[in-house]
Number of protein chains: 2
Amino acid sequence: MLEFGAKRRLSAAQRTERREFAANASRAAGRLSLPWFRQPIKVSNKASAGSFDPVTEADKAVEAALRQDIGAAYPEDGLFGEEYGFEEGSSGLTWVIDPIDGTRSFMSGFLHWGVLLALFDGQDPVVGVLYQPYTDELFVGDGEMAELRRADERRLLQVSEVTSVYDCTLASTGPQFFSGEERQAAFARAVDAAKQTRFGGDCYLYAMLAMGYVDLSVESGLNAYDIQALIPIIRGAGGVIETWSGENPALGGDVVAAGTRDALVEAQELLSKA
Amino acid sequence: MLEFGAKRRLSAAQRTERREFAANASRAAGRLSLPWFRQPIKVSNKASAGSFDPVTEADKAVEAALRQDIGAAYPEDGLFGEEYGFEEGSSGLTWVIDPIDGTRSFMSGFLHWGVLLALFDGQDPVVGVLYQPYTDELFVGDGEMAELRRADERRLLQVSEVTSVYDCTLASTGPQFFSGEERQAAFARAVDAAKQTRFGGDCYLYAMLAMGYVDLSVESGLNAYDIQALIPIIRGAGGVIETWSGENPALGGDVVAAGTRDALVEAQELLSKA
């Protein structure tokens with residue numbers, strides 16, 4: 001299991017080098033998913049009866065390729081991926097992989113999914129990439145900057161300046177992902193307060209938050225690999241991301257993100273109200 | 001207002017000609033939306049306070065271009081569009097336009113939106129196009145065939161063969177679009193029965209149904225221009241689409257679509273149960 005530990009500090013040059021490595025590795029590995037997108041795919045079911053958690057060949061191909069590339073470039077770093085688990089390193093750094101985030105979206109032919117890769121320094125993810133191979137969109141961030149790269153286009157990302165939940169476009173993957181009455185009620189309060197709510201999106205909604213088109217996101221029950229890559233992108237675009245109770249979101253759980261601190265705090269108050 | 005009338009019959013050659021015209025016109029007009037996609041956009045608000053129904057310059061540019069192209073090619077045909085209303089023709093045929101379906105998705109930077117163009121023969125839409133300019137995906141159908149065209153790729157569409165709602169991936173734009181307790185309860189029954197539910201999608205979910213990745217869709221309160229273009233695509237891919245009560249869906253309302261007649265009928269029973 002990935003846990004918090006001592007913070008391994010990187011120089012700006014080291015961070016930039018790993019950011020560009022992550023961008024290139026995600027692009028190369030992400031393309032391996034395309035033969036399975038919108039094709040008949042071999043689906044195994046790793047969840048128990050009643051739930052639905054597809055594992056695709058695409059997932060495995062992408063994660064295996066990333067682990068190989070990372071192992072070759074940074075053999076002392078650890079690895080933590082959705083498909084192949086945790087492998088401790090000796091450098092104090094861990095690469096965190098969700099080979100296909102938005103698997104259900106991928107399997108249904110929709111476009112809001114992507115390959116997620118983050119570099120965790122023991123306390124925070126310091127580099128993050130979201131790559132969508134079908135649209136060839138690469139979102140990359142390192143906490144200081146975030147940009148979208150597509151073909152020859154490069155665009156710096158900048159969050160919105162909306163300061164109140166009541167003026168926010170709220171995004172969340174779906175109301176069914178909040179477990180327990182308390183969380184459902186909390187989410188309902190956020191939905192009621194927000195100007196409008198968009199469902200669907202998985203990782204992609206955080207990219208839209210980093211671009212300023214979504215003002216607030218509220219999600220629950222996230223794994224570390226669901227959220228780590230998105231944290232440096234949101235922070236690099238000027239946004240804020242925490243747990244509902246104001247803690248470090250790096251290991252997942254109940255996560256809220258916003259373009260402004262004011263909107264985040266107001267959302268956290270709504271989510272914690274008894 | 002668009003209404004049912006006498007059915008104006010087209011020969012196969014006439015239908016094919018108009019299908020290709022519709023494909024080309026949608027592509028040309030659809031591209032006019034791109035300067036507004038993910039850019040600061042001028043939003044006017046045509047809805048009254050409390051609701052949110054954005055009108056964008058993109059909407060107007062696309063519909064104006066389509067009306068001009070159609071008027072030049074088929075001056076005797078009628079026009080019915082979301083932005084510029086109804087203009088009766090003398091041919092018995094009417095072109096039905098939703099310049100940007102999924103406006104909220106468009107405005108939030110997401111990818112599940114498109115330009116919709118249909119040709120209505122008084123009883124049924126006989127040609128339909130969904131074009132997504134950012135991904136350059138063109139879905140086209142005429143009730144007999146349906147295909148996806150993207151760059152040099154052409155792929156015939158074929159719905160899924162799932163015959164029971166309990167095995168279906170259900171898609172719907174969002175639970176908040178069902179008005180009244182009765183409709184909400186009906187939709188909840190469908191969600192409970194389905195294997196899984198995906199929210200979000202607007203027009204795009206019908207394209208995924210035509211491709212066989214979504215097995216069932218349930219929506220409510222649709223306008224004629226929201227659904228007409230999608231009907232010949234779904235039927236051309238072998239699917240079925242009706243109102244919840246089994247009537248012609250061409251003027252919108254409460255609409256259900258499925259890959260198979262069995263799944264459709266089972267869904268209609270769930271939706272009508274007291």
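The dialogue below walks through several features of this predicted model, in which chain A and chain B are both examined.

Biologist: Where should I begin with the contact between chain A and chain B, and how many residues does each chain give to it?

Modeller: The residue count is a good start, and here the contact takes 33 residues from chain A and 33 residues from chain B. The area buried between the two chains is about 3,000 Å², with carbon and sulfur atoms giving 54% of that area. On the side of chain A, the residues A:Arg38, A:Phe110 and A:Arg198 supply 23% of the area that this chain buries against chain B, which is more than any other three residues supply.

Biologist: What is the order of the strands in the open sheet of chain A, and which are the edge strands?

Modeller: The five strands of this open sheet follow the order E12-E11-E13-E15-E14, and their pairing is mixed. The edge strands, each pairing on one side only, are E12 (196-199) and E14 (240-243) of chain A. Neighbouring strands of this sheet are turned by 20° against each other on average, with direction ignored. One pairing to inspect is that of E13 (residues 216-222) with E15 (residues 253-258) of chain A, which is antiparallel and runs over five bridges; within it, A:Leu216 stands opposite A:Ala258.

Biologist: Which helices of chain A pack on that sheet?

Modeller: Among them is H4 (residues 181-193) of chain A, which touches E11, E12, E13 and E15 and has a direction that makes about 150° with that of E11(A). Helix H8 (residues 261-272) of chain A also packs on the sheet, touching E13, E14 and E15, and its direction makes about 145° with that of E15(A).

Biologist: In chain B, in which sense do strands E11 and E13 pair, parallel or antiparallel?

Modeller: Strand E11 (residues 169-172) and strand E13 (residues 216-222) of chain B pair in the parallel sense, over two bridges, and B:Ala171 stands opposite B:Ser217 in E13(B). Helix H5 (residues 203-210) of chain B lies across E11, E13, E14 and E15 of that chain, running at about 150° to E13(B).

Biologist: How many residues of H5(B) are buried?

Modeller: Burial here means under 20% relative accessible area. Eight of the eight residues of H5(B) are buried, so this helix is largely enclosed by the rest of the structure. They include B:Tyr204, B:Tyr206 and B:Met208. After H5(B) comes B:Gly212, whose phi is positive, near 90°.

Biologist: How far apart are the end C-alpha atoms of helix H2 of chain B, and what span should its residues give?

Modeller: A check on helix length uses 1.5 Å a residue, by which the 17 residues of H2 (residues 57-73) of chain B should span 24 Å; the end C-alpha atoms are 25 Å apart, which agrees. An α-helix has 3.6 residues a turn, so residues three or four places apart point the same way. With that in mind, look at the buried residues of H2(B), including B:Val62, B:Leu66 and B:Ile70.

Biologist: Turning to a single residue, is A:Ser160 buried or exposed, and which residues does A:Ser160 touch?

Modeller: A:Ser160 lies in the loop between strand E10 (153-156) and strand E11 (169-172) of chain A, and is buried, with a relative accessible area of 11%. Its side chain joins that of A:Asp215 in a polar contact of 2.7 Å, while the backbone nitrogen of A:Val162 lies 3.5 Å from a polar atom of the A:Ser160 side chain. Not counting residues up to four places away in sequence, A:Ser160 touches A:Gly212, A:Asp215, A:Gly259 and A:Thr260.

Notes. Residues are numbered from 1 along each chain as its sequence is written. Chains are lettered from A and ligands numbered from 1 in the order in which they are written. This is a predicted model: local features need pLDDT of at least 70, side-chain atom pairs count only at pLDDT 80 or more; totals for chains, interfaces and linings use all residues. Side-chain values use heavy atoms; hydrogens and water are left out. Helices (H or I, at least four residues) and strands (E, at least two) are DSSP runs, numbered from the N terminus. The expected span of a helix is 1.5 Å times one less than its number of residues. Buried means under 20% relative accessible area, exposed over 50%, partly exposed in between (1.4 Å probe, protein chains only). A polar contact is a pair of N or O atoms within 3.5 Å; within protein, one must be able to donate a hydrogen and the other to accept it, and residues adjacent in sequence count only if both atoms are side-chain atoms. Contact means heavy atoms within 4.5 Å. Two strands pair if DSSP finds at least two bridges between them. Axes are lines fitted to C-alpha atoms, for helices over the stretch in contact, and angles run from 0 to 180 degrees between N-to-C directions. Buried area is the accessible area (1.4 Å probe) that two parts lose on being put together, summed over both.
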